[in-house]
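Open the structure in a viewer and keep the sequence beside it. The stops below go from the whole chain to single residues.

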Amino acid sequence: MIQHHFSEGLYAKQMSLPKGSLACQHKHNYDHLSILAQGKVKVMFDNDVVETYTAPACINIVKGVNHTLMALEDSVWFCIHQTEETDVNKVDNVLVQQMKVEA
């Protein structure tokens, strides 16, 4: 389940991740903070780094690096972003770096 939270210039995506679920690989054009509010997750980065976090935890997600989450326990994860976009149907298009397809 995803919930969206907006404040002036800030957006927080709240994801409830049941044990064993994945949050898809993606990357951003800027660093941002993520907060693990509940549970335990493994974060896999495209530079072969794997980190395990147990709540409560605040994690800096580095720009340009793909990251994927795996819930090791039922977990609640927040992604915190600076943006003026408040349309939930457009916000990911603004925040997530688009994948380039090689021909």
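How much area does the protein expose, and what share of it do carbon and sulfur atoms supply? The protein exposes about 6,500 Å², and 52% of that comes from carbon and sulfur atoms. Accessible areas come from the Shrake-Rupley method with a 1.4 Å probe, and for residues only the protein chains shown count as cover.

This is a predicted model, in which local features need pLDDT of at least 70 and side-chain atom pairs count only at pLDDT 80 or more, while totals for chains, interfaces and linings use all residues. Residues are numbered from 1 along each chain as its sequence is written, and side-chain values use heavy atoms, with hydrogens and water left out.

**Whole chain.** Colour by pLDDT, the predictor's confidence in each residue, from 0 to 100. The average for the protein is 87, and 87% of the residues score at least 70. Now select residues 99–103: pLDDT stays under 50 there, and the model has two contacts for them beyond four places in sequence. Contact means heavy atoms within 4.5 Å. Of the contacts in the protein between residues at least 6 apart in sequence, 69% join residues at least 24 apart.

**Elements.** Switch to a cartoon view. The protein has nine strands and one helix, in the order β-β-β-β-β-β-β-β-β-α from the N terminus. Both kinds are DSSP runs numbered from the N terminus: helices are H or I with at least four residues, strands are E with at least two. Helix 1 (residues 91–95) has the lowest mean pLDDT among the elements, 67, and strand 6 the highest, 97.

**The sheet.** Select strands 1, 2, 9, 4 and 7. These five strands form an open sheet in the order 1-2-9-4-7, with antiparallel pairing. Two strands pair if DSSP finds at least two bridges between them. Strand 1 (2–7) and strand 7 stand at the edges with a single partner strand each, so one side of each has no neighbour in the sheet. From one strand to the next, the twist averages 20°; axes are lines fitted to C-alpha atoms, for helices over the stretch in contact, and angles run from 0 to 180 degrees between N-to-C directions.

**Strand 7.** Strand 4 (residues 32–38) and strand 7 run antiparallel and are joined by five bridges. Ile35 has Cys58 as its bridge partner in strand 7, and Leu33 stands opposite Asn60. Which residues of strand 7 are on its covered face, and which on its uncovered one? Ala57, Ile59 and Ile61 are on the covered face, Cys58 and Asn60 on the uncovered one.

**Cysteines.** Cys58 is exposed at 53% relative accessible area, whereas Cys79 is buried at 6%. Buried means under 20% relative accessible area, exposed over 50%, and partly exposed in between (1.4 Å probe, protein chains only). The structure holds zero disulfides, a disulfide being a pair of cysteine sulfur atoms within 2.5 Å.

**Phe78.** Select Phe78 in strand 9 (residues 75–82). Beyond its neighbours within four places in sequence, Phe78 has contacts that include His5, Ala12, Leu33 and Ile35. Phe78 and Leu36 are 42 residues apart in sequence, and their C-alpha atoms are 6.4 Å apart.

**Last stop.** Most peptide bonds are trans. Ala55 and Pro56 are joined by a cis peptide bond, with omega about -5°. Pro56 lies in the loop between strand 6 (50–54) and strand 7 (57–61).
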